Amino acid sequence: MHWLARQVLRLAVVLFCVTLLTFLIVNILPGDVATAILGGLATPEDLAGLRADLGLDRPMLVRYFDWLGSALSGDLGRSHRSGEPVAQAIADRLPVSLQLMIMAQVIAIGIAVPAALLSVRRPGGLFDRLSASTAFGFLATPSFMLGILLIYLFSVTLDLLPATGFSPMSEGLWANLESMILPALSLGLIEWTVLMRVLRSDLLTTLKEDFILLARAKGLPPWRVLLQHALRPSSFTLITVIGLNIGGLIGGAVIVEQIFALPGVGRLLLGGIFNRDLILVQGTVSFIAAGFVLVNFLVDMLYAVLDPRVRHVRFRS
Amino acid sequence: MSGAVSGAVSGGPLLSVRDARVGFGTVRGLLRAVDGVSFDLEAGRTLGIVGESGSGKSVLVRSLIGLVGSGSGAIVGGEVRLDGQDVRGLSAKNFRQLLGRDIGIVFQDPMTSLNPVMKIGRQIGEGLRLNRGLNATAAARRAVELLVEVGIPEPERRASQYPHELSGGMRQRVAIAIAIACEPKLLIADEPTTALDVTVQRQILDLLQREQRQRGMAMILITHDLGVAAGRADDIMVMYAGRAVEMAATREIFRGPRMPYTEALLRSLPRLSDPTHTRLSAIPGRPPDLARRGTGCSFAPRCTYRSERCEAEEPVLSREGGRGFACFHPLNASAGTSA
Amino acid sequence: MSDLLRMTDLNVEYPVGGGRHVHAVSDVTLAVRQGETLGLVGESGSGKSSLARALLQLPPPQRGSVLFDGNELTQMRGEALRAVRPRLQMIFQDPIASLNPRRRVAEIVAEPLVVSGVRDPTERTRRVRAVMEAVGLDPDLVWTRRPHEFSGGQCQRIAIARALVLEPKLIVCDEPVSALDVSIRAQILNLLEDMKARFGLTLLFIAHDLAVVKSVSDRVAVMYLGRLCEVADSASLFATPAHPYTAALMAAIPVPDPDIPLGDTKLKPGDPPSPLDPPSGCRFRTRCPHAEARCTTEVPPLREIAAGREVACHFPLIG
Amino acid sequence: MSASAVRPATVAPVGRRLSWAIVLPLAWVALVAFLAVTADWLPLPDPAAQELILRRKPPSTTYLLGTDNLGRDMLSRIIYGGRTSLIVGICAPFFGFLIGGAIGMSAGYFRGKVDLLAVGFIDILLAFPTLVLALTFVAYLGQSLFNVTLALGILSIPAAARVSRANTMAWANRDFVLAARTIGASNWRILTREILPNVLPAMFAFWLVAVSVIIVAEGALSFLGLGIPAPQPSWGGMIADGREALDVAPHTALIPAAVMFLTVLSLNFLGDMVRNLVDPRRSSL
């Protein structure tokens with residue numbers, strides 16, 4: 001498990017650097033926090049008081065390690081606007097963001113995989129060209145634009161779904177889904193295009209391999225060749241891209257939560273940024289980055305489980 | 001004897017190919033990869049198809065069994081009969097059945113011809129389940145037996161491994177096990193040892209030959225190595241620029257080639273029996289561009305015997321005493337008179 | 001004849017992940033004499049290409065010395081090594097990959113002159129034209145074209161021209177014809193022989209094909225799993241191989257003559273071991289028909305058994 | 001040897017023909033670029049001039065594309081917004097590719113410790129979801145054209161570094177690089193003369209796509225109100241403004257959306273085409 005140990009170490013180093021970098025950005029960059037919080041009319045005494053309150057008068061690295069110490073025990077500090085513990089604020093809003101991203105991912109994969117499989121059955125054929133053009137169109141549509149178009153279409157014109165607002169699961173599954181479907185579509189309808197293109201391209205490469213010819217020579221019907229022989233060895237880039245694209249999805253979620261007024265982590269972060277809520281921003285950005293790093297770490301593990309060649313190299317004792 | 005390639009033998013050949021053609025549409029026009037090749041192959045015999053890269057030998061054989069075609073933009077023509085049955089006329093389903101039951105294939109590189117993410121036992125058993133109706137347990141048992149037969153030690157353990165865990169020679173043995181699993185009548189070996197070392201090549205060729213004899217299969221052995229063909233084939237077909245230029249029993253080809261290309265190729269080979277620094281008789285020039293072929297014999301520009309006729313007119317494969325050659329100025333005239 | 005190149009106790013290792021190392025070349029001592037062609041034969045994994053790269057210091061070997069034309073290459077770095085390089089050139093297996101696809105043929109052949117400081121453009125043009133003509137390329141036809149417009153054989157001619165333009169003393173040919181078509185090989189082999197005579201070259205000719213090696217080599221060295229098995233002059237090695245591996249290699253070669261019966265390699269069944277985990281003692285013992293207990297424990301040293309014949313075997317087939 | 005003969009020759013790529021699929025995107029990008037450059041000399045109303053009585057007017061002969069919530073001329077704002085998008089879109093990836101390209105090429109060529117450092121650096125920058133990092137950067141740097149460009153430029157470093165590193169590694173293993181070393185060429189000469197010309201086409205294709213990605217990112221920042229500061233027009237900001245009047249004056253959101261869509265679509269088309277020319281095998285992603 002030599003490899004695993006090294007990966008965990010690498011993960012720890014990356015997490016350390018990520019939180020440190022967040023801390024530096026929030027603290028070094030120009031703009032005095034105390035002035036920002038109290039406004040231009042505050043007296044120097046008030047400003048100094050607040051700085052002491054926030055611990056801004058101590059050296060930066062000392063503050064960072066203080067923060068890191070408490071962060072490791074689950075304490076991300078308190079928002080100096082609302083006084084709410086940051087960890088609690090994130091925990092409250094996380095389910096909404098997670099639901100949004102999982103639904104978006106399900107939509108994306110649910111469209112991408114069948115579309116790619118149908119496309120490669122006849123490369124250059126009608127379905128292939130149609131799905132490629134559709135994908136191209138969606139690829140050129142930013143999520144904020146798609147969100148508005150969906151609102152215009154389904155809420156303003158057709159009046160089928162609510163334009164904004166969130167209904168928690170406690171108000172019933174349908175009400176919850178009704179409020180989440182447009183946000184999830186705004187993300188998923190863009191995400192699938194990337195996944196489809198990746199999978200299609202890898203499938204086409206795999207289908208040129210000799211082992212596919214051999215599978216055909218065994219007398220396997222085309223759909224079995226595609227599903228049993230081609231799909232699995234073609235899905236490794238897809239898995240990597242799904243992991244990497246979660247970053248884009250998080251960014252998209254920030255926007256979509258804002259458009260649809262969903263109480264998620266992204267909106268919490270935006271609020272923090274607009275209010276210059278230093279501790280809240282520091283905590284939220286670190287949390288998001290750490291989550292993203294962890295997901296990619298897991299994807300990397302999954303890779304080793306799915307690809308026997310990688311497993312062989314990595315888990316040889 | 002040379003009956004296997006002369007055609008029209010009583011009882012009928014196992015495989016009969018007439019005027020096979022494969023063309024690819026390219027930016028520069030139609031590329032005739034295979035241009036009107038005909039041959040017969042009888043049960044139990046080995047036909048060596050010899051040619052350089054681009055001679056069309058692999059494309060020819062793959063087109064016969066439908067592995068070139070849909071999707072690749074290839075245009076395939078000609079008639080193929082296996083056991084008297086018109087293969088090209090079969091429905092897709094019946095054709096797949098024929099392919100799975102009656103034809104086995106071994107490709108050049110066992111690294112790429114085995115599925116990297118599927119266990120070896122399953123890859124062998126797959127064809128058995130599909131074409132011989134075995135259930136999973138029976139197929140797995142048979143897969144282990146086949147591994148024993150192709151000379152793989154610890155067959156049970158190997159059956160549950162993935163291809164990358166085996167050496168190159170072992171992988172090719174697995175590929176042979178897959179090819180012979182359904183007791184095919186025809187075994188196609190497409191450069192089966194080109195990716196292997198000489199000492200391993202020897203073992204693999206021995207194995208192929210043993211299986212072919214034991215099972216009475218017909219075999220097509222595609223190779224660029226005249227040495228490999230000399231030791232293993234009953235008959236040889238030499239291909240150049242998409243055409244069959246000479247066909248004969250192996251000994252006749254090596255003793256008295258009729259087509260100047262065959263002769264030139266044989267003479268250009270360095271041999272262990274020659275002393276060091278023996279000057280090789282190189283063939284000048286290089287093979288023609290298949291998309292821009294002019295009139296006349298494709299080999300004419302490189303041929304020492306060429307005449308005006310060779311550049312103006314295309315020689316057809318003529319048959320003479322059981323052997324065929326496509327040349328206006330055949331060599332070794334004592335074996336027959338020129339056409 | 002004096003030695004132009006002398007490798008002593010050369011060792012090449014490289015990591016393959018998981019803390020494991022391939023022992024690609026182990027304790028090889030071998031000399032190439034001025035003006036000769038030394039053939040180096042081995043199958044994949046024998047370390048013959050690693051050896052070639054190590055003696056060019058690309059990268060330098062882990063241990064051992066490489067004495068070339070009076071210079072100890074392993075001790076040299078940077079500018080000093082660069083000054084020696086023009087005398088020591090290399091030709092590669094894949095001629096297409098060995099030429100930069102984005103540069104023109106004239107630039108490719110002139111590059112060694114530019115790098116080694118020939119500043120006068122007319123002088124460069126003169127020398128490039130001369131060497132192109134020598135290798136059978138028409139300078140006016142190829143000058144501004146790019147490598148992809150040529151076939152493999154033509155590309156190999158361009159690569160040979162590039163190696164020759166600095167008038168080197170030694171050229172390492174790493175499988176120079178194995179990527180070429182059968183009908184082209186003889187052209188390139190003849191060209192190498194011609195160039196050797198014309199420029200007074202010394203060649204280290206690496207190949208897996210015994211017949212090709214025999215046709216060009218004065219002496220032959222046989223490698224197996226990173227160690228030398230046998231070194232001898234070409235005629236006696238092929239007449240009476242002393243090492244069981246050499247004998248097996250010769251018996252395994254498919255001969256293009258149906259009347260010569262297939263030889264018996266006498267090898268034990270099984271595949272060659274992985275270079276990651278070579279056998280103890282004699283590395284060939286797992287497949288050798290003559291192996292005894294001593295072969296497991298004791299590495300056979302390369303020793304002289306007759307004049308000009310060296311073999312690394314406890315039980316050589318002759319002598 | 002013969003396996004290569006079996007691979008069917010690829011059918012002529014569609015992109016190589018000069019078709020509408022190239023002409024239209026090229027024409028659109030050229031039009032947007034031309035208008036953005038010449039905006040100051042065109043007879044356009046001031047994009048910031050408000051005319052509250054004339055707010056939310058649909059397109060007409062006076063106002064070709066109508067007016068927005070504050071009665072500003074949409075056409076003028078679209079053209080000036082295009083200027084913003086193009087400045088950020090072109091400069092930010094250029095900056096990122098200059099630095100990222102250098103890092104990636106050094107890492108891919110020298111390997112070893114240099115590679116380890118570079119990969120670590122890339123990993124850390126990649127650990128931040130792009131938009132989140134951009135938001136944080138801009139929020140604390142302050143909103144200005146320069147800062148937005150700088151932030152997005154920094155964010156394009158890791159992608160550029162990855163592309164150039166992967167390409168460099170693929171080329172650095174070729175025998176012609178080894179050949180250059182056997183003739184004694186210096187690392188600098190090998191990097192600039194042998195490897196760079198081979199890596200550049202792939203980088204260019206990627207840059208074209210990066211331009212469209214950055215235009216979208218700038219749009220997103222402006223949409224959230226954290227991009228180019230207010231009176232200066234920007235497509236993302238216009239869409240955000242128009243969203244408030246989606247029910248009464250949908251054109252205020254839909255027109256800038258359509259313009260942005262067409263621009264991004266055109267750039268993607270051109271990027272895809274260049275990539276196909278560079279490497280026919282990697283036809284997607």
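This is a short tour of a predicted model, moving from a sheet in chain B to chain D and then to salt bridges.

**Stop 1: the sheet in chain B**

Select chain B and show it as a cartoon. Look for an open sheet of 8 strands with mixed pairing, in the order β6-β7-β8-β3-β9-β10-β12-β11. At its edges are β6 (103-106) and β11 (318-320) of chain B, each of which pairs on one side only. On average, neighbouring strands of this sheet are turned by 20° against each other, direction ignored.

Next, pick helix α2 (residues 57-64) of chain B, which packs on the sheet. This helix touches β3 (46-50), β7, β8 (218-223) and β9 (235-240) of chain B, and its direction makes about 145° with that of β8(B).

Now go to the β6 edge. Strand β6(B) runs parallel to β7 (residues 186-190) of chain B, and 4 bridges join the two. To find the register, select Ile103(B), which stands opposite Leu186(B) in β7(B). Then add helix α3 (residues 92-102) of chain B, which lies across β6 and β7 of that chain at about 65° to β6(B).

**Stop 2: chain D**

Switch to chain D. Its secondary structure consists of 11 helices and 0 strands. The chain has 285 residues, of which 54% count as buried. Among its contacts with a separation of 6 or more, 72% are between residues 24 or more positions apart. If you turn on the surface, the accessible area of chain D is about 12200 Å², with 70% of it belonging to carbon and sulfur atoms.

Select Ala21(D), in helix α2 (residues 20-38) of chain D. Its relative accessibility is 23%, so Ala21(D) counts as partly exposed. Add Leu270(D): the two residues are 249 apart along the chain, while their C-alpha atoms are separated by 8.9 Å.

**Stop 3: salt bridges**

Over all chains, the structure holds 58 salt bridges. A few of them follow.

Select Arg53(C) and Asp175(D), whose side chains meet in a salt bridge (3.7 Å, N to O). This pair joins two chains, because Arg53(C) lies in helix α1 (residues 48-55) of chain C and Asp175(D) in helix α8 (residues 175-182) of chain D. Arg53(C) is partly exposed at 22% relative accessibility, whereas Asp175(D) is buried at 15%; the cut-off for buried is under 20%.

Stay in chain C and select Arg87(C) with Asp69(C). Their closest N and O atoms are 2.8 Å apart, and they form a salt bridge. The pair links distant parts of the chain, 18 residues apart: Arg87(C) is in the loop between α2 (78-84) and β6 (88-91), and Asp69(C) is in the loop between β4 (63-68) and β5 (71-72) of chain C. Both ends are partly exposed, Arg87(C) with a relative accessible area of 27% and Asp69(C) with 25%.

Move on to Glu123(C) and Arg126(C), another salt bridge, at 3.4 Å from N to O. These two residues are 3 apart in helix α4 (residues 121-134) of chain C, so about one helical turn separates them. Glu123(C) counts as partly exposed, at 26% relative accessibility.

Finally, return to chain B and select Arg142(B), Glu145(B), Glu149(B), Glu183(B), Arg210(B), Glu211(B) and Arg215(B). Salt bridges that share partners join these residues into one network.

Notes. Residues numbered from 1 in each chain as written. Chains lettered and ligands numbered in written order. Predicted model: local features only at pLDDT ≥ 70, side-chain atom pairs only at ≥ 80, totals over all residues. Heavy atoms only, no water. Pairing = 2+ DSSP bridges. Axes fitted to C-alpha atoms, helices over the stretch in contact; angles between N-to-C directions. Contact = heavy atoms within 4.5 Å. Buried < 20%, exposed > 50% of the residue type's maximum accessible area, 1.4 Å probe, protein only. Areas by Shrake-Rupley, 256 points an atom, 1.4 Å probe, with all protein chains shown as cover. Salt bridge = Lys/Arg side-chain N within 4 Å of Asp/Glu carboxyl O.
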